[in-house]
Amino acid sequence: ALGDRAAWGGSGARAVLRDFERVFSESAAVILESEDIGHALQERVLPVLRYHYEHFIEDVPGEQSDGTPSAWLLAAGYADDGPWIIEINPNGMVSHHEDIGFHAIGAGAPMAQQASTLLAHFQMSERSVDHGVAVVVRVLDALSQTSPSVGGRLDVCRITADGARHLD
């Protein structure tokens, strides 16, 4: 949760995501009341990313695989002027996805973008939120069964002007 009318999710290093969670729980009201929610999120995300990048040891003796402290952030919600969907990548860049109506991060992101293209003729932005949730859940289910890089726990949050509700 990010206040009553927004939610956030992340993909990547758990330590970074845990720090995001702490920061967002302490400052959700300030973020959501700001004039530019993307910049308000970025203001809080960048110090966390910098901290983890500065304290990351690239070459650990005896370890064969490379790691990374990077994390992706996706937040969505409603403000006074309407819905917003914001992504912050591991470089700290802010992207807005309101015009698309959805976005995904992590291993499933390319497939979610493909699903959006395949569903374009259904004009999802003109349908109800409930219809959109049903389609998203169905697409995620299909992807989890057909793509080895997608799966595990999926969190779905239905966000309207009335509030954010996490679905089981």
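Q: Which residues do ring pairs link into a cluster in this predicted model?
A: The structure is a prediction. A search of the whole structure finds 3 aromatic pairs. Ring pairs join three residues into a cluster: W8, F20 and F24.

Q: What is the geometry of the aromatic pair that W8 and F24 form?
A: A pair of aromatic rings is described by the distance of the centres and the angle of the planes. For W8 and F24 the centres lie 5.1 Å apart, and the planes meet at 75°. Planes over 60 degrees apart count as edge-to-face. The W8 and F24 pair is therefore edge-to-face.

Q: How many residues apart are W8 and F24?
A: W8 sits in strand β1, residues 6-12. F24 sits in helix α1, residues 14-33. The pair links distant parts of the chain, with a separation of 16 residues.

Q: Is F24 buried or exposed?
A: Buried means under 20% relative accessible area. F24 has a relative accessible area of 2%. So F24 is buried.

Q: Does W8 count as buried or exposed?
A: The cut-off for buried is under 20% relative accessible area. W8 has 18% relative accessibility. W8 therefore counts as buried.

Q: In what order do the elements of the protein run from the N terminus on?
A: The protein has 4 helices and 6 strands. A strand opens the series, and two helices follow it. The full order is β-α-α-β-β-β-α-α-β-β.

Q: Why is the protein as compact as a globular protein of that length?
A: For 168 residues the globule rule gives 15 Å. The radius of gyration of the protein is close to that value, so the protein is as compact as a globular protein of that length. The radius of gyration is 17 Å.

Q: What box do the C-alpha atoms of the protein fill?
A: The box is taken along the principal axes. Its dimensions are roughly 55 × 40 × 25 Å.

Q: What share of the 168 residues in the protein is buried?
A: The accessible surface of the protein comes to about 10800 Å². Carbon and sulfur atoms hold 50% of that surface. Of the 168 residues, the buried share is 35%.

Q: How far apart are the centres of the positive and negative side chains?
A: The protein has 11 positive side chains and 24 negative ones. Each set has its own centre. The two centres lie apart by 7 Å.

Q: What separates the C-alpha atoms of A7 and H166 in space?
A: A7 is in strand β1, and A7 is buried at a relative accessible area of 8%. Leaving aside neighbours within four places in sequence, its contacts include L74, C157, I159 and H166. A7 and H166 are 159 residues apart along the chain. Their C-alpha atoms are separated by 8.7 Å.

Q: How far apart in space are H52 and L32, C-alpha to C-alpha?
A: H52 lies in helix α2, residues 37-54, and counts as buried at 13% relative accessibility. Beyond its neighbours within four places in sequence, H52 is in contact with A15, V16, D19 and P69. H52 and L32 are 20 residues apart in sequence. In space, C-alpha to C-alpha, they are apart by 25 Å.

Q: Which residues does T160 touch, not counting residues up to four places away in sequence?
A: T160 belongs to strand β5, residues 156-160. T160 is buried, with a relative accessible area of 12%. Outside the excluded stretch of sequence, T160 touches Y78 and V129.

Conventions: Residues numbered from 1 in each chain as written. Predicted model: local features only at pLDDT ≥ 70, side-chain atom pairs only at ≥ 80, totals over all residues. Heavy atoms only, no water. Rg over C-alpha atoms; globule rule 2.2 N^0.38 Å. Buried < 20%, exposed > 50% of the residue type's maximum accessible area, 1.4 Å probe, protein only. Areas by Shrake-Rupley, 256 points an atom, 1.4 Å probe, with all protein chains shown as cover. Lys, Arg positive; Asp, Glu negative; His and termini not counted. Charge placed at Lys NZ, Arg CZ, Asp CG, Glu CD. Phe/Tyr/Trp six-rings, centres within 6.5 Å; stacked < 30°, edge-to-face > 60°. Contact = heavy atoms within 4.5 Å.
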